[in-house]
Amino acid sequence: MVTGSGTQTTLQSGDSVTCIGAGNTQIKTAAVVSGVTVNIGDGTATSLNDPTFASIVFQAASNSAIRVFDNASIMSTTNDGIDVTGGSNNTITIDAGAVVGSTAFPSAGLALANSSNNVVNISGTVGSVALGAIGISIGAGAASNQVNILSSGFVKSGNVAAIDLSGAADGNVINNAGTISSASGTAIIGSNNQDTVINVGTIQTSASTAVDLKDGNDVFELRAGSNVMGYVKAGNGTDTLRLGGTANNTFDLATFGFSSQFQEFEVLEKTGSSSWTLTGITMDATATMNVQAGTLIVNGMMANIATTVSGGTLGGSGMIGSLNVLSGGTVAPGNLGQLAVNGNATFNTGSTYAVSVNAAGQSDKIAAVTATLNGGTVAVTTLAGAYNPSTQYTILSTTTGVTGSFSGVTVSGYNPQLFASFLSYDGFSVFLTLNYNNAAFLSIAQTQNQKAVAGALSAFGPNLPFLSSFAGQSDAQLRYNLDQLSGEAATGARQGAFQFTGQFLGLMLDPFVDGRGSGIVDAGRTALGFSPERAALPDDIALAYNKVLGTPAMKAPAFAERWTAWGTAFGGTNRTSGDPVVIGSHDLSARAGGVAAGADYHFGRDALVGFALSGGGTKWDLAQAIGGGKSDAIQAGVYTAVRTGPAYFAASLAVANHWMSTDRLAPFGNQLTAKFDAQTVGGRIEGGYRFATPIGGFTPYVAAQAQAFRTPTYTEADLAGSGFGLSYQGRTASDTRSELGARFDRATLVTPNSVLTLRGRAAWAHDWVSDPTIVAAFQALPGASFIVNGATPAKDTALASVGAELKFSNGVALSAKFDGEFAARSTTYSGTASLRYAW
């Protein structure tokens, strides 16, 4: 460590030295060393100033480092501040707040002489404004050095160059994001060899010329944020003005060319991922433009500058000289504009001409003197709109002729699947024709429902009124739209209706077929389903039963006509799985519920008739927000039951009217609704034989049930006028069911005045049910009808029931029952709760 007025002049390979404090003089390496580390300062005030030579000297040092920390300064009054002579691959870092300079004439704050592949990172200040003092000097054959001036970096001088590359060899790069400033001289002076300046910061001088690159094939690159005050002269050689970086920017062509700010450049070049927009006018006739990457938008005029597109994209509505598009290059005028080519426009194999078109017949266009087409692809982007069945666009025109042709055309953007495209030529122009291809709906559709809708759309032809609504959607989005258009929600109405009436038919008979008649024992009022040949009960139990029933213990009464009134609340839910892969139907959830009330009259010991009324409703929904509906309903029914010994027969008949309403979302949030009336007619018959056992009753039974559900022809209300509304044909759906199973009951005396009976059922059912289809047609497309399928109901189902009844001696009975229906693709749960009174 060197402190105070210290010096170290013989640093060897691998040495590391830190210089702190004020009054230090010189740090110097021995000749030809490697791996030396020099730190000036440690954050405290530090100064280094040699009175006779440079303050830091690297003599042919390689792979070494100098770092000047903040709050440290290196200043020489007789020579350079830092001098690196010979050697290579060194790193020099000037931290923010650090100062490196020289006040000697002539001298430099930092000098690289005959030293190569060094990296200099500047966040502080390098240079001074003393006469003849250069900020950074790179010379004496120094090559491939990189100077990075960060945003806080400042390289300055007085009357000479802030950065001087005179005498340097090829490959030196100045990358400026800070400030390079000369008070009255040229800020940057180049060499006679190849130099590169990349500027995103400020280069300034009060003189007329800010940058003079001298000779050599130099590159001056502008990036967003660049600010150059003064001329930039390229000098002799083939020099390139490059527009690069990753951030977008603009460039005024009026600043390019002879006597303009950017002079003596032979090549304009676009690199990097950025988008540069050219405005203004240049009359330069010596330069060429090469678009290599990113996007160049020519909205100005450079009519004499031949342009090659080897990569990236050329666009705009201005004018260029000749155009040559190589493999990998793209021309896209954009914004439905016209790019003028003041010469020949050539497209080669592997090139792309990107054209945007709209429904009004407008398109991007190239207007050239001549055109040579050696292949290339026309990539069409369709913009949303109401296209005509066929639209022709002029995408390239010439004044003297077109030779050759493009290799093909592709379409993307707004529903490319719905367009058929082709190119045509007349010797002077190239035409693009787009025809609506409604058959593409069929190629997109995957399921039966989707194909049915797609077929209707395709059959209507190219004048499909709402085709423009499907702007730019993916295949998956289009398939979902086909599902929404299908109107599948209408197929769910019958499930709730069958469930509603089916429960009603059953609950009218349940009090009798389950043994819940007006009597318990064979005393003239034996319940149907219970054997009259029951073994005699013990005296105490028989007395209790008869007390519950209000009959004398020892004498069976003669038959007496009697009435029973009852009320029941019922409801249930069903879920039926759809077939999303083949049919395209969606899962259906249906609910039904209501209340019923009725009365029956025993006109004989073993026979009765009754009637019932019911009110309630249904509701159904399809998965994936396809839609659903609901209904308010009222139904009426009659029933009868007879018994002969342990055998019984029961039947019920019902009719219902539904005030239906449907609600679904069509594509793009359009709501479609409908209201209509529908009717259901149904009947059920059942017979069984009860066997008495020591543990309870066992009653095998068979039953048949049939229902018909009729919907009229009706139409949807399309309030938004989307054209998606459907009309539905009326149809009658049917469901005929057979049941084979057994019922179980066990009675238990709870109190002297009440009996609890537990009941159960297990059965198998087979349904002959019509397919859940409906014929629909778009109201806006007369004659374009299709058939849509809903979720298929189960054909074979396992039935299970459990219930209980509590009967009191005063004629009141309470009961509840839970039913389940289980199939491979369908499950139904329902329940009833009843109150009965007999007198």
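**Exercise 1. Find the volume of the largest cavity, then describe its lining.**

Step 1. The largest cavity has a volume of about 700 Å³. This value comes from a predicted model.

Step 2. Place that cavity among the others. Eight cavities of 30 Å³ or more are present in the structure.

Step 3. Turn to the walls. The lining of the largest cavity is made of 37 residues. Nearest its centre lie G502, Q503, Q705, R737 and E821.

Step 4. Sort the lining by element. Two or more lining residues come from each of α4 (493-513), β48 (562-576), β53 (671-689), β55 (696-711), β59 (731-751), β60 (754-769), β64 (812-822) and β65 (826-838).

Step 5. Pick the main contributor. With 11 residues, α4 gives the largest share of this lining.

**Exercise 2. State which residues make the nonpolar surface patch, and explain whether V638 counts as buried, partly exposed or exposed.**

Step 1. List the members. W563, F611, V638, L653, V655, V681, Y837 and W839 form a nonpolar surface patch of about 780 Å².

Step 2. Locate V638. This residue sits in strand β51, which covers residues 627-644.

Step 3. Classify V638. Its relative accessible area is 45%. Buried means under 20% and exposed means over 50%. V638 is therefore partly exposed.

**Exercise 3. Divide the chain into domains and give the separation of domain 1 and domain 2.**

Step 1. Mark the bounds. Domain 1 runs over 17-237 and domain 2 over 322-437. Domain 3 is assigned as 485-518 + 561-838.

Step 2. Take the centres over C-alpha atoms. Those of domain 1 and domain 2 are 52 Å apart.

Terms used. Residues are numbered from 1 along each chain as its sequence is written. This is a predicted model: local features need pLDDT of at least 70, side-chain atom pairs count only at pLDDT 80 or more; totals for chains, interfaces and linings use all residues. Side-chain values use heavy atoms; hydrogens and water are left out. Patches are made of residues with over 30% relative accessible area and no salt bridge: like charges are joined within 9 Å, nonpolar side chains (Val, Leu, Ile, Met, Phe, Trp, Tyr) within 5 Å. Accessible areas come from the Shrake-Rupley method with a 1.4 Å probe; for residues, only the protein chains shown count as cover. A salt bridge is a side-chain nitrogen of Lys or Arg within 4 Å of a carboxyl oxygen of Asp or Glu. Helices (H or I, at least four residues) and strands (E, at least two) are DSSP runs, numbered from the N terminus. Buried means under 20% relative accessible area, exposed over 50%, partly exposed in between (1.4 Å probe, protein chains only). Domain bounds come from an automatic or database domain assignment. On a 1 Å grid over the protein atoms alone, a cavity is a set of points where a 1.4 Å probe fits but cannot get out, and a pocket is an open set with protein on both sides within 12 Å along at least five of seven lines; lining residues have an atom within 4 Å of a point. Grid points are joined across faces, edges and corners, and a volume is the space filled by probe spheres set on the points.
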